[in-house]
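Work through the exercises below with the sequence and the model in view. Try each task before reading its solution.

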Amino acid sequence: MMNNALKVLLLVSALPLGASASDGLSPWYAGAGLGINNYEPNCDQKTMLTCGEDDPYAWDVFGGFLFNEHFGVELGYRDLGRAEWIDYSNVLNDVGARGLSLGLVAFFPIAEKWSLSAEAGAMDYLLYNNKQWGSQYYSDSGIAPFVGAGVGYQMTENLKLQAKYRRYENLDDDAFNTLEMESNYWGLELSYRFGESKKAAPAPTPAPVPMVKEEPKDSDMDGVFDEQDQCPATPSNHKVDSKGCTIYKNDVSTYTLGSLRFANNSSVINPNSYADIEKLANYMNQHPGSTVEIGGHASNVGNPDYNLKLSDKRAQATAKVLIEKYGIAASRVSAKGYGITMPVMDGNSAEAHAANRRVEAVVTGSEKVAVLK
């Protein structure tokens with residue numbers, strides 16, 4: 001029987017080694033197990049008078065070959081422990097079974113690292129009895145079929161732990177016709193699968209697609225590209241800032257609008273002077289940022305204090321016409337009398353007196369104007 005088992009092993013060894021190694025792991029594995037075995041029937045056969053203390057601890061070592069990830073074959077050596085009893089001759093019997101096993105195994109994944117297993121095969125057993133603590137001995141051998149099932153956990157890529165149950169049939173002593181036994185085994189097995197899985201090569205990094213850089217545009221030709229230009233369509237002759245907006249400056253100018261003449265000792269505006277006041281109003285409308293000061297003056301005749309008041313009345317009268325008749329805002333108009341302090345002609349002649357009886361308008365403009373290139 002042992003020769004037949006070796007022949008089967010040689011046939012298995014001849015299978016292609018790459019049958020289940022497509023992922024880089026070897027199809028070969030090895031392991032060992034430890035458990036408890038119970039012979040049946042135990043201490044109730046015709047040769048047994050009194051039951052003794054059994055040694056139920058069983059162990060095995062094994063090696064296997066996987067045809068694929070779900071199916072393989074195992075060869076092992078198993079020791080199923082011992083059972084004791086005293087026979088009717090008052091002799092102590094100590095019987096155990098051990099031997100080579102060969103079987104097929106199947107694996108069924110049920111979760112990421114968990115699997116079920118099933119097996120079936122035969123054990124080429126040696127049934128031996130050390131009677132009276134080894135003073136007497138007899139043995140017999142045979143083939144005992146077995147089936148089994150298990151639950152496995154993949155601890156690492158190579159290590160697997162399994163809880164196993166096996167049922168052995170026909171562990172018989174045919175030579176002396178004294179024993180006909182079956183056996184139940186429960187145990188744990190740890191196996192190691194050789195090899196290492198191949199790591200997938202990293203996907204090649206695609207070559208970068210060359211980017212066609214678009215030339216920046218300056219639509220209004222102000223020197224600032226469109227993507228930064230916050231003031232599009234700026235006149236090309238304007239200086240601009242970093243955002244493409246026109247740079248402005250304050251333009252301050254002074255405009256003197258002639259003299260308005262008055263009659264002696266009078267603050268009444270001559271009708272001929274309205275045309276000059278209208279010109280002043282038009283100028284201020286064209287320059288909305290401008291202001292005007294109306295200055296009143298008098299001739300050097302009479303009391304200076306009286307002349308100061310008279311000059312102020314002339315200035316106020318002119319300002320009133322500018323505001324009320326021509327609509328210039330009062331906030332832009334001021335009036336002040338200067339009396340005889342600012343004559344335009346010296347002397348005590350009638351001509352000098354006529355020239356100094358006057359009102360003058362001084363316009364000051366403050367406007368934002370574009371800075372040109």
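The structure is a predicted model.

**Exercise 1. A charge over a ring**

Task: Find how far Lys325 lies from the ring centre of Tyr326, and where it lies relative to the ring.

Solution. Lys325 lies over the face of Tyr326. The distance to the ring centre is 5.6 Å. To count, the NZ atom of a Lys must be within 6 Å of the ring centre and within 35 degrees of the ring normal.

Task: Find the ring over which the charged end of Arg78 sits, then describe the residue that carries this ring.

Solution. Step one: the charged end of Arg78 sits over the ring of Phe146, 4.5 Å from the centre of that ring. Step two: Phe146 belongs to strand 7. Step three: Phe146 has a relative accessibility of 3%, so it counts as buried, since buried means under 20% relative accessible area. Step four: Phe146 and Asn184 are 38 residues apart along the chain, and their C-alpha atoms are separated by 9.7 Å.

**Exercise 2. Partners of strand 4**

Task: Which strands pair with strand 4, and over how many bridges?

Solution. Take the partners in order of number.

- Strand 2 (residues 50-51) pairs with strand 4 (residues 71-86) in the antiparallel sense, over two bridges. Here Thr50 stands opposite Ile86.
- Strand 3 (residues 57-68) runs antiparallel to strand 4 and is joined to it by nine bridges. Val61 of strand 3 faces Tyr77 of strand 4 as its opposite residue.
- Strand 5 (residues 92-109) is also antiparallel to strand 4, with 14 bridges between them. Asp79 stands opposite Arg98 in strand 5.

Task: Describe how the chain passes from strand 3 to strand 4, and from strand 4 to strand 5.

Solution. Strand 3 and strand 4 are joined by a hairpin through two residues. The hairpin of strand 4 and strand 5 has five residues between the strands. In the turn of this second hairpin, Asn90 has a positive phi of about 60°.

**Exercise 3. Salt bridges**

Task: How many salt bridges does the structure hold?

Solution. The count is 10. Three of the pairs are taken up in the next tasks.

Task: Describe the salt bridge between Arg78 and Glu119, and decide whether each residue is buried or exposed.

Solution. Step one: the closest N and O atoms of Arg78 and Glu119 are 3.7 Å apart, and the cut-off for a salt bridge is 4 Å. Step two: because Arg78 lies in strand 4 and Glu119 in strand 6, the pair ties together parts that are 41 residues apart in sequence. Step three: Arg78 is at 4% relative accessibility and so is buried. Glu119, at 7%, also counts as buried.

Task: Do the same for Arg82 and Asp94.

Solution. Their side chains meet in a salt bridge with an N to O distance of 2.8 Å. Arg82 is in strand 4 and Asp94 in strand 5, 12 residues apart, and the pair links distant parts of the chain. Arg82 has 12% relative accessibility and is therefore buried. Asp94 has 17% and is therefore buried.

Task: Do the same for Arg166 and Glu189, then name the network to which they belong.

Solution. Step one: the closest N and O atoms of Arg166 and Glu189 are 2.6 Å apart. Step two: the pair links distant parts of the chain, with Arg166 in strand 8 (residues 159-173) and Glu189 in strand 9, 23 residues apart. Step three: Arg166 is buried, with a relative accessible area of 1%, and Glu189 is buried at 1% relative accessibility. Step four: salt bridges with shared partners join Arg78, Glu119, Lys164, Arg166 and Glu189 into one network.

**Exercise 4. Aromatic and nonpolar groups**

Task: How many aromatic pairs are there, and which residues form one aromatic cluster?

Solution. The number of aromatic pairs is nine. One cluster is made of Trp28, Phe65, Phe67 and Phe71. Ring centres within 6.5 Å make a pair.

Task: Describe the nonpolar surface patch that includes Trp114, and classify this residue by its accessibility.

Solution. Step one: the patch consists of Phe108, Ile110, Trp114, Leu116, Val151, Tyr153, Met155, Leu161, Leu188 and Leu190, which together have about 890 Å² of accessible area. Step two: strand 6 (114-131), strand 7 (136-154) and strand 9 (179-195) are the elements that give two or more residues to the patch. Step three: Trp114 is in strand 6. Step four: Trp114 has a relative accessibility of 42%, so it counts as partly exposed.

Note on methods: Residues numbered from 1 in each chain as written. Predicted model: local features only at pLDDT ≥ 70, side-chain atom pairs only at ≥ 80, totals over all residues. Heavy atoms only, no water. Pairing = 2+ DSSP bridges. Helix = DSSP H or I, 4+ residues; strand = E, 2+ residues; numbered from the N terminus. Phe/Tyr/Trp six-rings, centres within 6.5 Å; stacked < 30°, edge-to-face > 60°. Patch = residues over 30% accessible without salt bridge, like charges linked within 9 Å, V, L, I, M, F, W, Y side chains within 5 Å. Areas by Shrake-Rupley, 256 points an atom, 1.4 Å probe, with all protein chains shown as cover. Buried < 20%, exposed > 50% of the residue type's maximum accessible area, 1.4 Å probe, protein only.
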